[in-house]
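Trainee: I'm new to this one. Could you walk me through how to read it?

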Amino acid sequence: MGRRRAERSIATFVIVTLVAVVTALLVGLGAVNYISERDQNYANLTAGTATKADQLAAGLALPLWNFDRDQVDKVIESAMRDPTVYGVIVRQPDVTAPGGTAVYVRVRGENWEDVAANEPFLTAGQLVQERTVSASGADVGSVTLATTPRFVREELRLNLWSTMARIVALDLLLVLSLWVLLRRTVILPLQLVERYAAAVSRGERIPAAGANGTRFNGELKSLQGSIEKMVGELDARCDDLRQGQATLAGILNSVPHSIFWKDREGRYLGCNAVFARATGVEDPRAIVGKTDFDLPWPREDTEKYRAADRDVVETGCIRRHMVEPLRLASGTTIWVDTTKVPLVGPDGRVYGVLGVYEDVTERKEAEEALRREKALTEAVFNSVPGVLYLFDDQGRILRWNANVPEVTGFSDEEILGTVAGGRQSPEDKARIGTALRTAMTEGHVELEASVVTKSGAGIPFYFRAVRMVADGKTYVVAIGVDITERKRAEAVLLESEKMRTVAGLAAGMAHEINNPLAGMLQNAQVVQNRLSTDLPANRRAAEEVGTTVETVAGYMERRGIPEMLRAIRSSGERAAEIVANMLSFSRPTTDALVRHHRLSEVLDRAIELAQSDYDLRRFDMLHLQVVREYADDLPEVMCRATEIQQVVLNLVKNAAQAIAGAAERGPGAPRIVVRTARVGNKARIEVEDNGPGMPEAVRQRVFEPFYTTKGPQSGTGLGLFVSYCIVARNHGGTISVESVEGKGTKFTIELPLETAGVRT
Amino acid sequence: MIRVLIIDDDAAVRGSLVAYLEDDGFLVRGVGSAAEAFAACDATPPDVAVVDVQLPEMDGLTLIERVHEAHPGIRFIIYTGSVAYRLPERLARIGVTEADVLHKPVMPLRLLTDAIRRLAAKESRNV
């Protein structure tokens, strides 16, 4: 409608303008014509009036001269026949009355008829001509002629109306002809072009304008041509665009990648079908305007994505291959490899970000599975308890687990390529070689062999080796377990079994011995008492049997009985002392309290005591070095300090005596090492000497009570027994001994760090 | 005179103690069983009882508790052959102290008589 009104207004505008111009022109012309006509008519009227007045004056000259009234009337009457004459006044000096005037007046009545009047009429609005009437050279009167312009005005008005009517008729004609013309040549073709354009813009295809025979002329023709050409070109271009868009959409929706693009604020501008599916949006177009907060990602992921977007937008840099988890609308989480590219507008400004990601879950999972598998294999390999070796069929070490370098101290580079048993003694190497060959042929083998460390020490290991075939090659896999502790534990167990029996026996025996000892010693004492000369009861009893105590005493002396009694007491007391010593560990001491003690302090005191010991001074303690190797990480130990001190004192004394008493010394300067270490939840004390060591037969019995290799003067053989009982029974610990003849002896004490083992 | 009761099942120990204490001026009686001990205490309560820990029918601890119950005035000395003997809490509660525990064999026996005199003096003060 708006368009139609606009078109009509163009036509109206043209028509109205034209009509206005023409009308104005005609009115102007009419006005000029009217004015000239009016002037002309008035001039004619004035001239006619003058002429008529002259004729009237001439016509009246004679009648007036003659006073012929009738004739005068007739003349006036004839003058009045002219309708333009309004009235006539004729004045004539009255001869009958001097100075009087006879007047003849004729004027128009109401219906414009000729009326005689007695009085002169008013001449306002009329054209008036006055003439003197002369007859024979004498004035005989005057005549006044009044004509009216009334008819002139009427005629002029009539002319005006007719002119206006003509103008109107001309305008109508003009409007009609113009409308017809415009409609045919402009409006209809324009409407057609417009309809065509509207149809084109609606996307409809209708025949080009003019196809229905409408004629186009001049500029419209070329306009129509231009539009048709334009539409044609637009069509072609649209087709191209549509083709391109379809291709692009096809590509976007057929690649397996998810593609999306957002504006600077993170609002989606679009995406492909894969991405829409991932987000649960049914149509890619529906994503427009949404943000990641509207999508099913978890909150923290969303923040991460948006941070990456901002980064890309702000820096303008591409972020490639970000592998990150993505939760789909379906709830499953996949791994995606995302690349984000800044979208740069024609002005060079980044207006958004384009993201492309690929579902790499399978790849990731495969990689992950492979990595896990590898890590698992590695972990299994390295968590195999003990050392693990893989040998080729030539006995060369191909692979090994992490325990090997840890145990041996050799680096991986040092291990690589070495041969089984390469660092062992020739006999051991041969033994190992034989075992490997057995594994190759029999399929499996077991072997006890030591592993040589970088420091040259040998650690006993128990190996099981099996043949393995992989990729057509034969290998031997060997797993070895450190049996140092087992060997020690076995020895300790054996020792403790034995010692428990012995200690139990000793304790039982002590009680059974103390009672008879008491009976014996007490009786001996009573006997001594009753031989005394001072006791009144003795005196009385002697008198009763007829003798004196002095006599009895003399007899006893002579027979050496008091000396024998002393000997009984002395022997009995020694026996009691031995029993007491043997069980000294179980005697309640003043230091009954078990406390936390710093082992280093306890050991220092024991070493101090040993160095000031009288017995040891006899040995050359000056040349005996006591080395303290205390661990820093050892916590305080719950123990009875005096007891542990006694044990260590014992061990140090034994070591000093062993070194001093030896005919041959071990290697190096004589020295005793007192060492502490933390081993798991135990505190370990070692007392090691480089003395002569002891034979295995001796080593096995050192803790037994009364077992001694020293001379009868040196001791009772209870020192190590008591030490053993203090450690094992009173502290719940272990004490063991290792010794190599010619090299030295090492006592090892282990005390639990927990209090549970300590007996109060 | 201080009355002493020796309770020990070992005749040699008991006999020698009785003899030694008698010689030293104590009024001594020796018994070898718990039953005899109860009877002796009921007849003439001693000032001090010397008790062996291991008795055939009853252990020394129970014996002391029973006797103490009937005769709270009697003081006790524990005389034991066990090196590892530790004073039970129950005895400590009725006034027995570590000083009253003597280990067999006590040498010299003067240590025993000193202990008896000390306890008797304490007892007489209490009474």
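Trainee: How many residues of chain A are in contact with chain B?

Mentor: Start by listing who touches whom. In this predicted model, 24 residues of chain A are in contact with 23 residues of chain B. Next, look at area: the two chains bury about 2100 Å² between them, with 57% of it on carbon and sulfur atoms. A:His511, A:Gln522 and A:Gln525 supply 27% of the area that chain A buries against chain B, more than any other three residues.

Trainee: And which residues form the salt bridge?

Mentor: For that, check for oppositely paired side chains, Lys or Arg with Asp or Glu. The count between chain A and chain B is 1 salt bridge. A:Arg530 pairs with B:Asp23, and their closest N and O atoms are 2.7 Å apart. Polar contacts add to the picture, with 9 residue pairs across the interface, both partners at pLDDT 80 or more.

Trainee: Which elements of chain A give two or more residues to that side?

Mentor: Helix H11 (484-530) and helix H14 (561-582) do. H11(A) brings the largest share, 15 residues. By type, this side of chain A divides into 10 nonpolar, 10 polar and 4 charged residues.

Trainee: Now the inside. Which residues touch the most other members of the largest nonpolar core?

Mentor: That core has 54 residues, and those with the most contacts to other members include A:Ile644, A:Leu651, A:Phe703 and A:Ile749. Helix H17 (residues 641-661) of chain A gives the largest share of the core, 10 residues. Try following one residue outward: leaving aside neighbours within four places in sequence, A:Ile749 is in contact with residues including A:Val647, A:Leu651, A:Ile685 and A:Ile735.

Conventions
Residues are numbered from 1 along each chain as its sequence is written. Chains are lettered from A and ligands numbered from 1 in the order in which they are written. This is a predicted model: local features need pLDDT of at least 70, side-chain atom pairs count only at pLDDT 80 or more; totals for chains, interfaces and linings use all residues. Side-chain values use heavy atoms; hydrogens and water are left out. Contact means heavy atoms within 4.5 Å. Buried area is the accessible area (1.4 Å probe) that two parts lose on being put together, summed over both. A salt bridge is a side-chain nitrogen of Lys or Arg within 4 Å of a carboxyl oxygen of Asp or Glu. A polar contact is a pair of N or O atoms within 3.5 Å; within protein, one must be able to donate a hydrogen and the other to accept it, and residues adjacent in sequence count only if both atoms are side-chain atoms. Helices (H or I, at least four residues) and strands (E, at least two) are DSSP runs, numbered from the N terminus. Ala, Val, Leu, Ile, Met, Phe, Trp, Tyr, Cys and Pro count as nonpolar, Asp, Glu, Lys and Arg as charged, and the others, Gly among them, as polar. A nonpolar core is a set of buried Ala, Val, Leu, Ile, Met, Phe, Trp, Tyr and Cys residues joined through side-chain atoms within 4.5 Å. Buried means under 20% relative accessible area, exposed over 50%, partly exposed in between (1.4 Å probe, protein chains only).
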